[in-house]
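Work through these exercises with the structure open beside you. Try each task before you read its solution.

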Amino acid sequence: MKNAGSDFAAVPHQGHDGRTRHSVARLLLEQGPVTAAAVAETLGLSPTAVRRHIDALVADGEAVSREASRRGARGRGRPAKLFLLTEQGRARFGHAYDDLAVAALRFLAEQGGEEAVRAFAQRRVSAFVDQHRATIVSRAEPAERAEALAVALTREGYAASARHVNTGEQLCQHLCPVAHVAAEFPQLCETETAAFADLLGTHVQRLATIARGDAVCTTHIPNTPLNNTGGEPA
């Protein structure tokens with residue numbers, strides 16, 4: 001990692017400053033809610049420098065803060081603040097679809113009804129499934145499949161990660177390229193969830209979505225025996 005002091009002592013122009021702020025925003029996107037100290041450690045920058053960039057993002061409406069939950073007895077001092085991007089902040093990373101896509105799906109719904117929209121959503125996700133099925137279903141354990149799926153989603157622009165929880169795995173998508181469209185047409189999220197279940201070989205539960213206003217799309221993957229070809233649990 002870079003030395004924190006030299007990084008900001010050597011910033012001679014706004015361009016470098018802008019790139020650093022983009023890196024800070026990217027960390028809030030991929031790991032948020034997260035503390036400024038954690039961002040500083042990951043990027044190899046000083047906490048003071050990171051707070052300057054986070055304060056600017058908050059002032060511009062691109063990030064918000066919340067207090068970290070405090071377990072056990074309360075200690076002295078204020079709880080650490082966690083930061084995450086707002087919808088406006090996520091927009092700096094771009095969207096694959098915009099008002100044109102929404103208008104097109106509205107027209108499709110008017111002409112063919114909900115089933116036409118669902119057929120479109122299934123056609124769209126099938127390309128992803130076909131491309132990544134062999135890699136994902138070759139993994140024997142739920143955690144391995146979740147990680148392989150996260151890698152595949154990241155390659156498709158979803159900034160995904162997987163982590164272990166007590167009852168299984170959690171798949172987190174920190175960026176949704178179709179969030180604006182899915183907010184009006186939830187069929188996109190529904191078919192995506194069904195595709196995850198197919199690829200992972202087990203029932204999954206969608207806990208949160210960016211399209212519904214959550215900070216991250218979160219899918220729970222239970223610890224169950226997996227079907228090596230996808231589909232229902234073995």
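**Exercise 1.** Is the crossing of H6 and H9 left-handed or right-handed?

*Solution.* The model is predicted: local features need pLDDT of at least 70, side-chain atom pairs count only at pLDDT 80 or more, and totals for chains, interfaces and linings use all residues. Residues are numbered from 1 along each chain as its sequence is written, and side-chain values use heavy atoms, with hydrogens and water left out.

Step 1. Find the helices, which are DSSP runs of H or I with at least four residues, numbered from the N terminus. H6 spans residues 99–137 and H9 spans residues 187–200.

Step 2. Read the handedness. H6 and H9 cross in a right-handed way (the near helix is turned clockwise from the far one by less than a right angle; anticlockwise would be left-handed).

Step 3. Take the angle. It is about 30°, and the axes lie 9 Å apart (axes are lines fitted to C-alpha atoms over the stretch in contact, and angles run from 0 to 180 degrees between N-to-C directions). H6 is therefore roughly parallel to H9 (under 35 degrees; over 145 is roughly antiparallel, 65 to 115 roughly perpendicular, the rest oblique).

Step 4. List the contact (heavy atoms within 4.5 Å). H6 contributes residues including Val117, Phe120 and Phe128, and H9 residues including Leu188, Ala195 and Leu199.

**Exercise 2.** Find the angle at which H7 and H9 pack, then name the residues in contact.

*Solution.* Step 1. H7 covers residues 142–155. Its angle with H9 is about 135°, with the axes 10 Å apart. So H7 is oblique to H9.

Step 2. On H7, the contact uses Arg145, Ala146, Leu149 and Leu153. On H9, Phe196, Leu199 and Leu200 take part.

**Exercise 3.** How many disulfides does the structure hold?

*Solution.* Step 1. The count is 0 (a disulfide is a pair of cysteine sulfur atoms within 2.5 Å).

Step 2. Check Cys172. Its nearest cysteine sulfur belongs to Cys217, 9.4 Å away. Cys172 is buried, at 9% relative accessible area (buried is under 20%, exposed over 50%, partly exposed in between, with a 1.4 Å probe and protein chains only).

Step 3. Check Cys189. The nearest cysteine sulfur is that of Cys176, 6.1 Å away. Cys189 is buried too, at 16%.

**Exercise 4.** Where is Arg92, and which residues does Arg92 touch?

*Solution.* Step 1. Arg92 sits in the loop between H5 (87–91) and H6. Arg92 is partly exposed, at 32% relative accessible area.

Step 2. Leaving out residues up to four places away in sequence, Arg92 touches His22, Ala25, Leu57 and Glu62.

How values were computed:
Helices (H or I, at least four residues) and strands (E, at least two) are DSSP runs, numbered from the N terminus.
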